[in-house]
Structures are given as C-alpha cells and as structure tokens.
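Me: I'd like to talk through a protein fold with you, one question at a time. Could we start with how strands are paired?

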Amino acid sequence: MAKVIIKLNNEVVKEQPLDQGTVFGRELGDVVLKNPAVSAKHARIAVEKNHFILHDLKSTNGTFVNKGRITSQELHHGDIINIGKFEILFINEEEAKTASDFFGAAEVAGMTVMINSDEMMKQQKAKEEEMKRKSEAAQLFVIADQNASSSGRLVFHKLDKEMTLLGSGDGADIKTPGITIGAIAAAITRRGGKYGIKPMGGFTKPKLNGEKLSGEKDLKNKDRIELGQYQFEFRI
C-alpha cells in the first residue's frame, strides 16, 4: 500500500492513499492545499504499473523532491515532496518490505558480490532516520524580502544542516544581498533539537526580536530575525 503524509508547520494535516492517480492543487484536485505558493492545479502522482510518478503541472513555484526541483520523477519510499509550504512524505510499504527482505547477488565492477539482508535493512533504516530528521527540522519563514515580489521563490527555508549561513556572499545558504551585509553575516546552528544564532561579520548586524546580536543566542519558536531589509520568523 502506498500513501502520502501531508504536513504543514511540522503537523500532520492529512494522509492520502495512492491507489489511483492523485492531483494536488490550491483550488482543484484530490488533495487541496490552501497556500498562495500552490498553483490552482499544481502536481499529480500517477500510478503506472505499480510505479508512482510525480508530475509537475507547470506550476508557478515548482514541485520539489528531496530539495531538487522536478518536472517528472519516479517516487521511492521515504522521498520528501515540497509543494508550497507543505511537506509531503511518500510511503510505499511494499517497496520498503522488498528492500528489507532482499538477499541476492549484484554486479559491482565486473565482480559478483553477495548483498546481505541485514546490511540492506541497516541502510534502509539509516535512510528513513535521515528523512525523519529532515522532516522534523525547523524552518525559517521569510516575512519581508526586498525581492520577494519578483523572486517567485518559496517563502521558507529548511534548517536541516548543522550550520545554516545567512549573508550576501556566494557561500551563504540563505542570500540576503546588501552592500553593508557581510558575505557571511549570521549563522544558525543546530545541535540535536536545539537551535541557536550568532553574528559572523559585516557592518549590518543581525537582530533577534528587535535587539542587536552581540553573541550566540538560543532560538525559540516564532523568534524574529532581522538582517538589513530582510525579516524572518523561526518556527519549530
């Protein structure tokens, strides 16, 4: 049995079985996702001979699988789909069972090697734990962005790295252009389930809840971060 688990702000809002083709959209479809970043008819999962293919329906803001923008892509157990602010986890119990039960031989560099089922299970478990870690990561929502009206990009950033960098330079994970903003102006750190923010460099210093940062501070749900003309809300 295959299904998707739909989450918004880390809360499950719906589970949808995929026994037939399923359309996602803001106004039309089998699953309605109420969010301005979602197109009226955004994406479709087609069932083709026990394969599940995700098709983007020429949406404005795009459809993403494991952070990569796609046009059409086959889905596999544990894949994470992003449509607007919604995070959608693809579950295929049959594929997961087949992977964990598999024991056989494979060709590697011209040699036949045995594949151990225990090792396959460990790899599958590690993948599922990584997907779960990413799905439970905090998010940084864009509240004000001088380019937001024309950028057409999604309005949140996933904080699933140990350190997420904000700044005007190419090395920044979240770009905040400005002549007074440092190439790396601030860093958001993740240690387990705890997050913190610290200033890095540049003339313009980041603010947390209206106060300039002078050192590292812990982040709490709905804290406001300001960096020049950019404003963000931290959510976990």
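Reply: Happy to. Two strands count as a pair if DSSP finds at least two bridges between them. Keep in mind that this is a predicted model.

Me: In which sense do strand S5 and S6 pair, and over how many bridges?
Reply: Strands of a sheet pair through backbone hydrogen bonds, either parallel or antiparallel. Strand S5 covers residues 43-48, and its pairing with S6 is antiparallel. One bridge joins Ala46 to Ile53 in S6. The pairing of S5 and S6 is antiparallel, over 6 bridges.

Me: Which strands stand at the edges of the open sheet S4-S3-S5-S6-S9?
Reply: This open sheet has 5 strands in mixed pairing, in the order S4-S3-S5-S6-S9. An edge strand here has a single partner strand, so one side of it is left without a neighbour in the sheet. That description fits strand S4 (31-32) and strand S9 (72-74).

Me: Nice. Which residue in S22 stands opposite Ile197?
Reply: Here we turn to another open sheet of 5 strands, ordered S17-S16-S18-S19-S22 with mixed pairing. Its edge strands are S17 (174-175) and S22 (217-218), each pairing on one side only. Strand S19 (residues 194-199) pairs with S22 in the antiparallel sense over 2 bridges. Opposite Ile197, in S22, stands Lys217.

Me: Is Gln16 buried or exposed?
Reply: Gln16 sits in strand S2 (residues 11-17). Beyond its neighbours within four places in sequence, Gln16 is in contact with Lys3, Val4, Thr22 and Val31. The relative accessible area of Gln16 is 14%, and the cut-off for buried is under 20%. Gln16 is therefore buried.

Me: Which helix and which strand each supply at least two residues of the lining of the second largest pocket?
Reply: This pocket holds about 200 Å³ of space. Among its lining residues are His51, Phe52, Glu94 and Glu95. His51 and Phe52 fall within the range 51-56, and Glu94 and Glu95 within 93-101. The two elements are helix H1 and strand S6.

Me: And how do the residues of that lining divide by type?
Reply: Met1, Ala2, Val47 and Leu75 are in the lining, and so is Phe52; these count as nonpolar. Glu74 also lines the pocket, and Glu counts as charged. The full division is 5 nonpolar, 4 polar and 3 charged.

Me: Finally, what share of the 236 residues is buried?
Reply: The protein has 3 helices and 24 strands. About 13,100 Å² is exposed, and carbon and sulfur atoms supply 50% of that area. For the residues of the protein, the buried share is 42%.

Note on methods. Residues are numbered from 1 along each chain as its sequence is written. This is a predicted model: local features need pLDDT of at least 70, side-chain atom pairs count only at pLDDT 80 or more; totals for chains, interfaces and linings use all residues. Side-chain values use heavy atoms; hydrogens and water are left out. On a 1 Å grid over the protein atoms alone, a cavity is a set of points where a 1.4 Å probe fits but cannot get out, and a pocket is an open set with protein on both sides within 12 Å along at least five of seven lines; lining residues have an atom within 4 Å of a point. Grid points are joined across faces, edges and corners, and a volume is the space filled by probe spheres set on the points. Helices (H or I, at least four residues) and strands (E, at least two) are DSSP runs, numbered from the N terminus. Buried means under 20% relative accessible area, exposed over 50%, partly exposed in between (1.4 Å probe, protein chains only). Accessible areas come from the Shrake-Rupley method with a 1.4 Å probe; for residues, only the protein chains shown count as cover. Contact means heavy atoms within 4.5 Å.
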